[in-house]
Number of protein chains: 2
Amino acid sequence: MAAKRKAKKPETAESMAAQQREISVSEFFLKNRHLLGFDSPAKALGTAVKEAVDNSLDAAEEAGILPEISVEIRQLTAKRFRMTVIDNGPGIVQAQIPKIFAKLLYGSKFHRLKMSRGQQGIGISAAGMYGQLTTGQATQIISKTKGKKLAQSVLVQIDTRTNKPVLLKETEVEWCPEFSPYDAVADKEKRTVRYAHGTLVSIEMEGSYRRGKLSVDEYIKQSAIVNPHLQLYYRVIMEKDAEELEEQELDMCWTTYFRVLKHLPDLPMEIKPHPHGVELGILMQMLQDSPSRTLRGALSEDFSRVSGPAANKICEAAGLNPKANPRRIAHHESEALYTAIQEVKLMRPPTDCLSPIGEDDLLAGMKKEVDADFYTATTRNPTVYRGNPFQVEVALAYAKPGQEEVNADDPVRVMRFANRVPLLYMGGACAMTKSVAGVKWKSYGLNHPKGGVPQGPVVLMLHIASVWVPFTSESKEAIAHYPEIIKELTFALQDVGRKLSTFLSKRKRAAEQARKRNYIEMYIPHMALGIAEIMDLDEKQEVRIVDQLTDMLEKTHLET
Amino acid sequence: MAAKRKAKKPETAESMAAQQREISVSEFFLKNRHLLGFDSPAKALGTAVKEAVDNSLDAAEEAGILPEISVEIRQLTAKRFRMTVIDNGPGIVQAQIPKIFAKLLYGSKFHRLKMSRGQQGIGISAAGMYGQLTTGQATQIISKTKGKKLAQSVLVQIDTRTNKPVLLKETEVEWCPEFSPYDAVADKEKRTVRYAHGTLVSIEMEGSYRRGKLSVDEYIKQSAIVNPHLQLYYRVIMEKDAEELEEQELDMCWTTYFRVLKHLPDLPMEIKPHPHGVELGILMQMLQDSPSRTLRGALSEDFSRVSGPAANKICEAAGLNPKANPRRIAHHESEALYTAIQEVKLMRPPTDCLSPIGEDDLLAGMKKEVDADFYTATTRNPTVYRGNPFQVEVALAYAKPGQEEVNADDPVRVMRFANRVPLLYMGGACAMTKSVAGVKWKSYGLNHPKGGVPQGPVVLMLHIASVWVPFTSESKEAIAHYPEIIKELTFALQDVGRKLSTFLSKRKRAAEQARKRNYIEMYIPHMALGIAEIMDLDEKQEVRIVDQLTDMLEKTHLET
């Protein structure tokens, strides 16, 4: 046995103090990169594409542009890939490019309550950081804003020790070369795409490309389903293809997901915090920061749903002067104020901040996905968790027999979406899966093993739209188990479950009736013939007997 | 229907730029506090206790002190609690107190490879931040280091906008008042505890106290099991008790978990990164930072398991001069170096950096937990994921019939531990649960529904010890699904499974034999009597026949 190394002598408070220091947020996530969705090469590639596409969609929609995005994955060596995403969005102002792509916790979406795909200011910088970690290469960005003649081309890395961008190169260039997606299946015409403005981001990284339920392909397909206003071009070029094919042939590799809606969804509104969802500490902070000079002003201007009279009522309940300085209240009487706020009745938060997919588009998406005998969808009314408005939607399809995708003995297939983003990984940890498992599907006609998800040829699509989606990790793959969210999901699932149950019972009854009718049609003529022979009836009488017998049997049997 | 508010006009690149800004790590986690384990009042209280106790244990062990910790939870109003943890650790140097307790991402454990409970520098500051958010109150710390006459008393809050501590009050005080835990059950003597040095941390927060499998009680109990060298005093005082009981009676509420080991476990060693676990980007960074002036020096001094000759071999394989400046290599030839490192054979990382619980202590802990007919445990040899040494251990108990805790039809009970910390939440997302579900328990004699955990009166304890445990979120409740970790867990589970199988077959055989012997003992005398009568034998012959029959039957039946 090898001798153990001698243990270090014990630490003291002083020797421990000498080791204590700050950890930069980049260092933290570099070491914990699985938290961001970069735990394996296959998942890393998917996460990177997702972060880039989500950003492109958010930017285009905010700018009122119908989004058009191309995604290319190109294998460079066995384990190394380059992901390039180009969009027709508004572009990014030059000074912001380095920070947006090479600084964690930077962006425009965190400090507001507004429904969007991104919300953390981490994703795309994390993808770049992963590329840098695994290949040493910088993130390349080319971006052109409206009115500018040339685009900015930027090469940037992240200094993980300080979480600051390091600009390696910055030049003005002609905006992206045109590219020519040619969809061999859907679109026989070759088309050339050239955007007036937009952003290209390209990251080289260690990766692995696979097909299947957890693949980039699946993310792209599902994104097209829940974003019917998106036109998307997608191609994957493996090392072998690149060697063997001409550039013109590579153009044939594009798959086009055509948009089916020619207009943008309703633009979601930004809202202010609702007083009932604000914790004491946040209330204190908001009073401290208020631009208002009076407590009443702060209450009615910084929060949603607080009218002047409501603000007065709150002040009265708290025993505070409405004209008091909010900064003073922040320190001394915030707790009384907080208690009063909980007691005063206020309208619920406004819900035009949410832009659900809607039952029609959900059904249309579902019909693209699965060939079924029965489809149904439901969009619940908006409600609130921790002061944040949210809304859930569920669609259900009962597949035709013989569909490849589904199988009567398999668990039902659950497709999860949050703010129109497909969630592929970590289904087991998601409030959506938990809600599906929690509904009593047996009473709706499905087999349902204890504690698990139900079984059957069923596909479920679940969507949550919220100004702030609570994810279980920074990789945004699963929804946290907030009771309010699980409750809403359960109601929506029960609703489609009841409709499924009605369909299944009707179908069962119809099958039963068909079977019985079949018997009647088969045997009555023989019975009539027998009776006619015994009683020596003529043909006309025989026909009448057939009619009467049929009528009688249908009445007694088919209506039960 | 209320008119929709008019949508804002579309954004431009310029208007979006104006909204982009930095997000402080405190703001981020304040909004995402469920990531840190503060999603519900009940869980928040448990998480806060866990973070404080883990810190106390780490500090005492590093300072070579046998840990003694008291934990008090006191209900103040219906929804408000105060948690106070006092330890006999080395104390904290005055200047460090504010940052350790009111700054996220600050500490001594992140920038090293060493087995410890804390590893992020987030936990205790997050607990204080949650207290501040829900009650507006500051964290109180009293700490006394060795040799100082007085203790430092500090009141500190966190400025979430900047992630910096705000010192509210700092005074010198007599070190904590003595406290008198009196264990009504285990220890009839009242004892007074007064430490020579240590730290007290006290946080007021919104909370909820519950019993059961996810409670603070359970965390405390399991902590005592896997830390047999820990002495722990614990009491919960509800509002009602505090009103009704005298202080002396409240002293009777302490439960004492006595230590059963009088010495510390082996102190784990700190190690340097192993070259095979270092990604290209980290390699570049390390070369850049190396204090060595030559590449050979950097390789052999900054990494573990690289001898001088091994360093030469790597340089040769990369076609690089061993005397080259590592900073130059970092920029130009790091990829060649990286490839060469992967190709050169090196010893695996040293494993004296790990301090497993060990089979004996695991069994002892298990025996405390459950009254069983069969116990077994296995500690695997250390191995490596992403360059990080780790080691897994599993104990299994097959409970006596009638044990309350376990039931033949219920799923087996799985207790999870990482670096001696009990993991209570998020079992569904944990690599340990996945490993348990993945083993073929049917072949070891347990019922095992497809895809789930096996069923039976079985308790499993799983432990991973590592210099860096990869958790699925900052709340450190579940282990990420690294294939190397799942593989080791599976081997360990199969090992205890085989032993269980042997026990269960033996027991089945023994039961079978006992049943047969029972028959033989019951009927042979009657048969012998019959034969004796028929054949008119004397008593001696009858006895011989009994012996012969018994012998014959045992041979034929019992040995099959």
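What follows is a tutorial dialogue on reading the sheets, helix packings and chain contact of a predicted model.

Student: What should I know about the numbering and the model before I start?

Tutor: Residues count from 1 along each chain as its sequence is written, and chains are lettered from A, with ligands numbered from 1, in the order in which they are written. Since this is a predicted model, local features need pLDDT of at least 70 and side-chain atom pairs count only at pLDDT 80 or more, while totals for chains, interfaces and linings use all residues.

Student: Let's begin with domains. How is chain A divided?

Tutor: Domain bounds here come from an automatic or database domain assignment. Chain A has domain 1 (25-257), domain 2 (275-343), domain 3 (359-504) and domain 4 (508-558). Taken over C-alpha atoms, the centres of domain 1 and domain 4 of chain A are 70 Å apart.

Student: Now the sheet. In what order do the strands of the open sheet in chain B come?

Tutor: In general, strands of a sheet pair through backbone hydrogen bonds, either parallel or antiparallel. A strand is a DSSP run of E with at least two residues, a helix is a run of H or I with at least four, and both are numbered from the N terminus; two strands pair if DSSP finds at least two bridges between them. In chain B, eight strands follow the order β7-β6-β5-β8-β3-β2-β9-β10, with mixed pairing. The edges are β7 (164-173) and β10 (255-257) of chain B; each has a single partner strand, so one side of each has no neighbour in the sheet. On average, neighbouring strands of this sheet are turned by 15° against each other, direction ignored.

Student: Which pairing could I trace residue by residue?

Tutor: Try β6 (residues 151-159) and β7 of chain B, which pair in the antiparallel sense over nine bridges. There L155(B) sits opposite K169(B) of β7(B), and S153(B) sits opposite T171(B) of β7(B). The hairpin of β6(B) and β7(B) has four residues between the strands, and N163(B) takes a positive phi near 55° there.

Student: Which helices lie on that sheet in chain B?

Tutor: Angles run from 0 to 180 degrees between N-to-C directions, and axes are lines fitted to C-alpha atoms, for helices over the stretch in contact. Contact is read from C-beta atoms placed from the backbone: two residues touch if these lie within 7 Å. Helix α5 (residues 123-135) of chain B lies across β3 (80-87), β5 (139-144), β6 and β8 (198-206) of chain B, at about 35° to β8(B). Helix α6 (residues 216-226) of chain B touches β2 (68-77), β9 (231-237) and β10 of chain B, and its direction makes about 170° with that of β9(B).

Student: What does α6(B) meet in α3(B)?

Tutor: From α3(B), L45(B), G46(B), V49(B), K50(B) and V53(B) meet V216(B), Y219(B) and S223(B) of α6(B). By class, that contact has five nonpolar, two polar and one charged residues. The classes are simple: Ala, Val, Leu, Ile, Met, Phe, Trp, Tyr, Cys and Pro are nonpolar, Asp, Glu, Lys and Arg are charged, and the others, Gly among them, are polar.

Student: And how do I read the angle between those two helices?

Tutor: Angles under 35 degrees count as roughly parallel, over 145 as roughly antiparallel, 65 to 115 as roughly perpendicular and the rest as oblique. Helix α3 (residues 41-62) of chain B packs on α6(B) at about 25°, with the axes 9 Å apart. The two are therefore roughly parallel to each other.

Student: Where can I see a steeper case?

Tutor: Look at α9 (residues 280-289) and α13 (residues 334-343) of chain B: their axes come within 10 Å and cross at roughly 115°. That makes α9(B) roughly perpendicular to α13(B). L280(B), L283(B), M284(B) and L287(B) of α9(B) touch S334(B), E335(B), L337(B) and Y338(B) of α13(B). Those residues divide into six nonpolar, one polar and one charged.

Student: Last one: how many residues of each chain are in contact with the other?

Tutor: Chain A brings 61 residues into contact with 61 residues of chain B. Elements giving two or more residues to chain A's side include α1 (13-17), α2 (25-31) and α5 (123-135) of chain A. That side divides into 27 nonpolar, 21 polar and 13 charged residues. Strands join across the chains too: two bridges link β1(A) to β4 (residues 106-107) of chain B, and the strands run antiparallel. In β4(B), Y106(B) is the bridge partner of E22(A).
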